[in-house]
Amino acid sequence: MKRPLASIIAITLLASLAACDLNESKDTAPAPVPSATTPTVGPEEATGSMFTDNGTFMSRTTIDGIDFVLTLYPTDATPYTHEWYPKGDKFFTMSMTAYDTERGERDPYATKRMVYFDRLTVTSIAVDADGDTVGLEPYRLDEQPARITFDPEPLADPQYGLLITSPKGAFELRDQVIGDLDPSVRMVTLQFRADVWAQNTAGSSDMNRHTIDVEIPMVIFDSDEETTNVQEDTPDEQD
């Protein structure tokens, strides 16, 4: 059964928002803000995709008083999300941090529950304007976060994975790429799954395992042009 592109975006966005707890808490995650290089669009240009419209996607999932915050944004190479076309590489960065909302932001770190990022799996699907799947997966990842995070010497536990409790722990994966797509593709949806471990109480050896699922729709615009790589197109500065 075919579904119009707008309906698919709306369904995906509602599913993501349903996982978010927007209540105020002591140690709260930052509010989502647009990328510095991608302005927020007006209502007449809105697509329904948070990533495309704001230049930043943020999802906050609360489990047992811990906020798990996933952020995804375009890199400086291809910052203009309304100029993401089927042709050319499209680059993005993703990050994940956990906030113990039962403690204050400036409480001693040892009083907060430690949260560890054990496994990251990202699958994806590309669809045309009718909602039909087109081609193979444009992006796929299945890794241990401690092995691929930007920090070359991350805080990690050999059994449970990468420490992501704020403010000392975090996961960041830079310069991920979605390459050339079929000319008919109008949306790519990343399906993000995080397997995490969290202390039952601060300092406890009792750990709880959780799985977090988030979908991130990205609109691909119809054009014969190639997605502009700003860094490649900028001439080198002369001495």
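Biologist: Which residues have the most contacts inside the largest nonpolar core?
Modeller: Met94, Met96, Phe117, Phe171 and Phe192, in a core of 40 residues.

Biologist: And which elements each supply at least two residues of this core?
Modeller: One helix does, α2 (50-54). The strands are β1 (57-63), β2 (66-74), β3 (90-100), β4 (115-127), β8 (171-178), β9 (187-199) and β10 (207-219).

Biologist: Which of them gives the most to the core?
Modeller: That is β9, with 6 residues. Apart from this core lies another one, of 6 residues, with Met114, Tyr116, Tyr160 and Met207 among them.

Biologist: What counts as a core here?
Modeller: A set of buried Ala, Val, Leu, Ile, Met, Phe, Trp, Tyr and Cys residues joined through side-chain atoms within 4.5 Å. Buried is under 20% relative accessible area, exposed is over 50%, and partly exposed is in between (1.4 Å probe, protein chains only).

Biologist: Anything to know about the model itself?
Modeller: This is a predicted model, where local features need pLDDT of at least 70 and side-chain atom pairs pLDDT 80 or more, while totals for chains, interfaces and linings use all residues. Residues are numbered from 1 along each chain as its sequence is written, and side-chain values use heavy atoms, leaving out hydrogens and water.

Biologist: Back to Met94. What is it in contact with, leaving aside neighbours within four places in sequence?
Modeller: Thr71 and Leu72, then Leu120, Val122 and Tyr139, and further along Phe171, Glu172, Leu173 and Phe192. Contact means heavy atoms within 4.5 Å. Phe171 and Phe192 also stand with Met94 in the list of residues with the most contacts inside the largest core.

Biologist: Overall fold, then. How many helices and strands?
Modeller: The chain has 4 helices and 10 strands, being DSSP runs of H or I over at least four residues, or of E over at least two, numbered from the N terminus. Along the sequence the pattern reads α-α-β-β-β-β-β-α-β-β-β-β-β-α.

Biologist: What share of the contacts joins residues at least 24 apart?
Modeller: 71%, taken among contacts between residues at least 6 apart in sequence.

Biologist: And what share of the chain counts as buried?
Modeller: 49% of the 239 residues.

Biologist: Is Arg60 buried or exposed?
Modeller: Arg60 is buried, at 11% relative accessible area. Its place is in strand β1. The C-alpha atoms of Arg60 and Leu70 are 6.5 Å apart, with their positions 10 residues apart along the chain counted as the separation.

Biologist: Backbone next. Which peptide bond is cis?
Modeller: The bond from Ser166 to Pro167, with omega near 5°. Pro167 sits in the loop between β7 (161-163) and β8.

Biologist: What about phi at Asp64?
Modeller: Phi there is near 50°, a positive value in a residue other than glycine. Asp64 lies in the loop between β1 and β2, and at 48% relative accessibility Asp64 counts as partly exposed.

Biologist: And where is Asp175?
Modeller: Asp175 is in strand β8. Asp175 has a positive phi too, about 55°, although it is not a glycine.

Biologist: Is Asp175 buried or exposed?
Modeller: Exposed, with a relative accessible area of 51%. The cut-off for exposed is over 50%.
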